[in-house]
Amino acid sequence: MFRDFLLPKVGMAAITIFATSAVVFGALYLAPGDPVTFLTKGRPADPATIAAITQQYHLNDPLITRYQLWVSGVLHGDLGQSIMFRQDVTTLVGSRMPTTLWLVAMASVLIVTVGIGVGLFSALRPGKLDDSLMLGATLAAAVPIFVIAIALVSFFSIRLGWFPTFGSGESGGFLDRLKHLTLPAVALAFAAVAFVARITRASLREEMDKEHVRAARSRGLASSDVVRRHVVRNGFAPIVTVTGLTIAGLFVGTAIIEKAFALNGIGGLLIDAVSAGDFPVVQAIALLMVIVFILTNLGTDLLQHYLDPRQRRAVKE
Amino acid sequence: MTTTTGYQAITLREKPTVVHRIRGLELGVTGWIAVVLVVVFTIMAIAGPALAPHDPYTQDLLRANNPPAPGYPLGFDYEGRDILSRVLAGARTSLLGPLLVVILGAALATLLAVTAAWARGWWDASVNVVFDFLLAFPGLLLAVLSVAVFGKGLVAPVVALAIAYMPAMGRIVRSGARSETSMDYVTALRALGVPARLIVFRHLVPNVTPLIIAQATTLFGFALLDLSAISFLGLGVQEPQPDWGLMVNTGAAGVLLGHPAESLSAGTCLALAACAFTVLGLRLSRRIEGR
């Protein structure tokens, strides 16, 4: 199990993370012009500032040494200094983390419950309602999430006044936070819920058409037993994969949602940093987001392996 | 399968007419609605600026955020510009970007995938590694990173998204091209001594073109979502240029004041266009798989 499955998977993830770090590090040197001008946004800098930047980025050393120093800094939690906030990037990103984690957690709960729930319902009850639910899901998955965000604010916050229009409510208690993050989480999860619902239905339908399920039904076994023991158990593998993938993708989506609702998480910070040319912050958040994406996918693969005995056997053979 | 035989019967007797070909597409009602929408949006992208009843750039702060007036059916934006004219004029910028993403992405993907399927060996393996690595990079993140490096505007995000979407299309084209290479006609061409370059670009590429078109249609929808998000975030198209993603953003202030017309009309166009391309892409893919 370890050598045949775990090692290649973890190794592949490690190599991808390594390659990602090289891309994120190298991006600074892809920029037109020399790094000092890029980091000062072309503003005329006094010799002291230039010396400080040259020293901080080790610009006099060869590229490989710079990369090694940068990676060792990242591994020790040193991501450099934010130009915009004149603050440690690690501290800055750390202080913005809770909002994003709350947002992603709430959206994930919606995806798992509503997405899989609608898919299950649709799979088990073929007919008009199922058809229109699935057409709705196809369309919903194609609507930009910032349009959903604006529509939700326009209706629920302005017209009905049920929810606050912006802010993450971190000064208040648990309920206040929940209230502030409900609309953002719904907007973030919207397309993903629709997508997961469609995959769930397709996967379960495929299982229901298989011969052993038909045989079990024709023998008069209770429908709920057939569904639970044959359809859901066998059809769950692709559902787990797709749910994991969509949840992994949520972190990047927070950039859009946090800007739309003026929340102070890391997604919004990423966009502010890009606008202001605060490159160390951009590097840190981009690296973090890709690593989370890769690790979530790895976690999904492992979970899959644990849940489905057929895969374990396939690896052994 | 009855449809296949029916189609063959027609081709044996005579060349399929346009009516037969259109019927043969079997898109269904939703598919045809999608086709109509795609045609409407294409017309808007080509002729939109000319169709605009007023100048989309003329400001008049006295009528900022005003409700609809005669001749101005959607009202005015936060700078007093005609919203309808800006929606029509914005069609071009909003749809041209995704088109470029798809063309560039499809060209790159086809070139890599077809040569990989043909050559196999180390080239195939390296193309695969590149595809695998790119899949670990969410497209939107790559686009945001490209803006951080190369500056605001559409150029960097368009190139970044084309690269990010390349593996999705490349994998499908590669497996399609690979099954073609084992066909008898390819063996025959090889035996005749036809140069590899000619077999690949005269025979393999045309035979995987339906796959490319179906996939490109779906990806157009995704590119529209991602590029409009970039403009919504203020990193792509800049004011005063009209663009749907940007209009959803600039209209947000109006939403808070109870004038959601700008955001909602631009948002509706985006949503309809994205839905149309996604549905059409799905229908075409299903049609090709069924064949």
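What percentage of the 291 residues in chain B is buried? Select chain B in this predicted model and colour by burial: buried residues make up 46% of the chain.

**Chain B, overall.** Stay with chain B and switch to a cartoon. Twelve helices and zero strands appear. Following the chain from the N terminus, every element in the order is therefore an α: α-α-α-α-α-α-α-α-α-α-α-α. Orient the view along the principal axes, and the C-alpha atoms occupy a box of roughly 75 × 50 × 25 Å. Next, display the contacts in chain B with a separation of 6 or more; 70% of them join residues 24 or more positions apart.

**Helix α5 of chain A.** Move to chain A and select residues 89-124, which form α5. This helix has 36 residues, and the distance from its first C-alpha to its last is 50 Å. That is close to the 52 Å expected at 1.5 Å a residue. Now centre on M97(A), where α5(A) has a kink of about 40°. The proline P98(A) comes shortly after the kink.

**Between the chains.** Show both chains and select the residues in contact across them: 36 from chain A and 36 from chain B. On chain A, the helices that each supply at least two residues to the side touching chain B are the following:

- α1 (2-30)
- α6 (128-140)
- α7 (145-159)
- α10 (223-260)
- α11 (266-276)
- α12 (279-307)

Finally, colour this side of chain A by residue class. The selection contains 28 nonpolar residues, seven polar ones and one charged residue.

Note on methods:
Residues are numbered from 1 along each chain as its sequence is written. Chains are lettered from A and ligands numbered from 1 in the order in which they are written. This is a predicted model: local features need pLDDT of at least 70, side-chain atom pairs count only at pLDDT 80 or more; totals for chains, interfaces and linings use all residues. Two residues are in contact if their C-beta atoms, placed from the backbone, lie within 7 Å. Helices (H or I, at least four residues) and strands (E, at least two) are DSSP runs, numbered from the N terminus. Ala, Val, Leu, Ile, Met, Phe, Trp, Tyr, Cys and Pro count as nonpolar, Asp, Glu, Lys and Arg as charged, and the others, Gly among them, as polar. The expected span of a helix is 1.5 Å times one less than its number of residues. The bend at a residue is the angle between axes fitted to the seven residues ending there and the seven starting there. A residue is buried if 20 or more other C-beta atoms lie within 10 Å of its own, exposed if 12 or fewer, and partly exposed in between; C-beta atoms are placed from the backbone.
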